[in-house]
Amino acid sequence: MTTISKSIQGGEFLIRETAAQDVFIPEQFTEEQKMMAQACQDFIDTEITPNIEAIDSMKNPDLVPSIFKKAGDLGLLGVSVPEEYGGLGMSFNTSMLIADIIGAAGSFSTTYGAHTGIGTLPILYYGSEEQKQKYLPKLATGEWAACYCLTEPDAGSDANSGKTKATLTPDGKHYLINGQKMWISNAGFADLFIVFAKIEDDKNLTAFIVEKTFGGITMNEEEKKMGIKGSSTRQVFFNDCPVPVENMLSERQNGFKIAVNILNIGRVKLGAGVLGGVRAVTSQCIKYSTERKQFGVSINTFGAIKSKLAEMAIRSYVSESLSYRAGQDIEDRMAALAAEGLPDAEAKLKALEQFAIECAISKIHGSEVLDYVVDQGVQIYGGMGYSADAPMERAYRDARISRIYEGTNEINRMLMVGMLLKRAMKGEINLFEPAMAVASELTSVPSFETVDASELFAVEKDMLKKLKKVFLMVGGKAAMALQDRIEDEQEIMMNLADVMIEIYAAESGILRTEKLVGIQGEAACAHQIAMSKVYLYEAVDKIEAAAKEAIVSFTKGDEQKVLLMGLKRYTKPDFINTKELRRSIADYMIEQGKYPF
């Protein structure tokens, strides 16, 4: 494995090392970006938090649209839209930062994400100049709200199997759209619909920009949902809805590609978009555990509570690290492709496609960290956590959707492994050569190179190299043994995905902290160092379990023994006292009185 610079390609973290100076960390945000984040936080504090009960009740149908328009007035809806179309034209990682902060806005974060992401970006990236000029200024300012109509009753994860039809009128001026869409966020107050339909007997979907005023659009009542109750979610019916031919988005049959690429954006934005909620819940738990007394003392003096608080912080810190690492890698790729002469929209889409694996990792890891944090939050609150009068109940319900939308976590796991193997087969990523080298290493005499443990993270980086060998060993053998059948072995695909996710997550935490130490010094980063080490230590166990399950499911006899021996060789961590490290992290959090990292 060799070290390279920022030119790392998507998925190559498995076969190459990344230098700490080449990753972006949240501590690097500029003053301008921090000011934008503060404006977003102020908006939440003034418009969302005081109205959270009223938003979720949906008794006032004008409340969310009015708050939405205020977000538009502040520029929050146009962060990603270029200035020439009425937006702020800010960087990709800035849009990640705003998604992060808005994550603490409960149901409104879904309203915001559906509009600024899947509602607006298809036009920004695929629209004609005329379409951009016509629609983007209205969307960037909040004059119009947008929604995205892809999912159908019988077409969920298999989006391209949708039955909605678009039929050209005899005069050739309109397409008449007929069909049903479901789970459509913002549908209740949207002015513009991005609609996917098939023309005649086309194999693939085509996308259309549909204005509410075109007619032929009806809806069911608001869905009764487990969580995100304050977001509008309806079924939408199109009955001979006339759409001008010039409102076709991109080209005929390009809809499925649009859907896939826009979902890549949605996934990495979701990875960042849970972070605000994670921090808010953690801070509430710190406050409650300080105030709540049992046996004459605050419950945050108990080791069991400290362990929970620390683990919430550890997972959150790492998820934040990997999200912004991925976001900056995407932004760097966008800039590089634009410098090579690609049009801006094409450069952005190609960069997102390049890092689709990291987008999926961000979505999976972030949503599962959020679930962990809210679950532990309920536990820390105890009986009050189960009460609708306490904040944990809403957080618990709202969090659950994150593992489902933008593609379920199971679908994302299989997609990321399938994508990696396809790229390897095409020669786009050199995966099989390193895998063969690891296979040869298994039958050789182990080398006992010593690691300079006095150097910060030297031991941990050596462990990361070995964990990457675990993936190459198991993934390479599975690809060889199963070949075309591997995609049918979904359990193995998910095992491999779990290995990939934990490697990327653990490495991201280590690299962030190493870079931070270079800026602030080791003494100032003691808790970040502890969090990074504990996460990696736990990741080793998770990787070993996932890899072992995969190995025994497709190998037998001596081959299995060799692989299991190799796994044992590569998953021997240096033992650390995780109890003491967690206690030191929790004590610092309690002292600060909120999530402090």
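Biologist: Is C40 buried or exposed?

Modeller: In this predicted model, C40 is buried, and its relative accessible area is 0%.

Biologist: And how many disulfides does the structure hold?

Modeller: The structure holds 0 disulfides.

Biologist: Why is there no bond at C241?

Modeller: The closest cysteine sulfur, that of C149, lies 9.9 Å from the sulfur of C241, which is too far for a bond. C241 is itself buried, with a relative accessible area of 0%.

Biologist: Let us turn to the strands. How do β4 and β5 pair?

Modeller: Strand β4, residues 165–168, and strand β5, residues 174–185, pair in the antiparallel sense, and 4 bridges hold the pairing. Within that pairing, K165 stands opposite N178 of β5.

Biologist: What sits between the two strands of that hairpin?

Modeller: The hairpin of β4 and β5 has 5 residues between its strands, and G172 takes a positive phi there, near 75°.

Biologist: Which way does β4 run relative to β6, parallel or antiparallel?

Modeller: The two run parallel: strand β6 covers residues 192–199 and is joined to β4 by 2 bridges. K165 appears here as well, standing opposite K198 in β6.

Biologist: How many bridges join β5 to β9?

Modeller: There are 9 bridges between β5 and strand β9 (residues 233–244), and these strands run antiparallel. One of the facing pairs is H174 with P244 in β9.

Biologist: Which residues other than glycine have a positive phi?

Modeller: M58 is one of them, with phi near 55°. Its place is in the loop between α2 (52–57) and α3 (63–73). E200 is another, with a positive phi of about 50°. E200 is found in the loop between β6 and β7, the latter being residues 206–211.

Biologist: How accessible are M58 and E200?

Modeller: M58 is partly exposed at a relative accessible area of 30%, whereas E200 counts as exposed at 57% relative accessibility. The label for E200 follows because exposed means over 50%.

Biologist: On to helices. Why would one call α4 largely enclosed?

Modeller: Helix α4 spans residues 92–102, and 11 of its 11 residues are buried, so the rest of the structure largely encloses it. The buried residues include F92, M96, L97 and I101, together with polar ones such as N93 and D100.

Biologist: What do the buried residues of α4 pack against?

Modeller: They pack against six helices: α1 (31–48), α5 (107–119), α8 (255–273), α9 (275–291), α10 (303–339) and α11 (344–354).

Biologist: Now for empty space. How much lies in the second largest pocket?

Modeller: The second largest pocket has about 1,000 Å³ of space. It is lined by 30 residues, and S447, E449, D462, K466 and K469 are the closest to its centre.

Biologist: Which helices supply its lining?

Modeller: α15 (432–442), α16 (458–482) and α19 each supply at least two residues of the lining of this second largest pocket. The largest share, 8 residues, comes from α16.

Biologist: Where does S440 lie, and how exposed is it?

Modeller: S440 lies in helix α15. S440 is partly exposed, with a relative accessible area of 48%. Although S440 and M473 are 33 residues apart in sequence, their C-alpha atoms are 9.9 Å apart in space.

Biologist: How many cavities of 30 Å³ or more are there?

Modeller: The count comes to 2 cavities of 30 Å³ or more. The largest cavity has about 70 Å³ of space. Its lining consists of 13 residues, with I8, F13, T18, R325 and D329 nearest the centre.

Biologist: One last residue, T571. Where is it found?

Modeller: T571 is found in the loop between α19 (557–570) and α20 (578–592).

Biologist: Is T571 buried or exposed?

Modeller: T571 is buried, with a relative accessible area of 7%. That label applies because buried means under 20% relative accessible area.

Biologist: What does its side chain reach?

Modeller: The T571 side chain reaches the backbone oxygen of L567, at a distance of 2.6 Å. Leaving aside residues up to four places away in sequence, T571 touches M463, L467, V470, V540 and E544.

Key
Residues numbered from 1 in each chain as written. Predicted model: local features only at pLDDT ≥ 70, side-chain atom pairs only at ≥ 80, totals over all residues. Heavy atoms only, no water. Buried < 20%, exposed > 50% of the residue type's maximum accessible area, 1.4 Å probe, protein only. Polar contact = N/O pair within 3.5 Å; in protein donor to acceptor, adjacent residues only side chain to side chain. Contact = heavy atoms within 4.5 Å. Disulfide = S-S within 2.5 Å. Pairing = 2+ DSSP bridges. 1 Å grid on protein atoms, 1.4 Å probe; cavity = no way out; pocket = protein on both sides within 12 Å on 5 of 7 lines; lining within 4 Å. Points joined across faces, edges and corners; volume = space filled by probe spheres on them.
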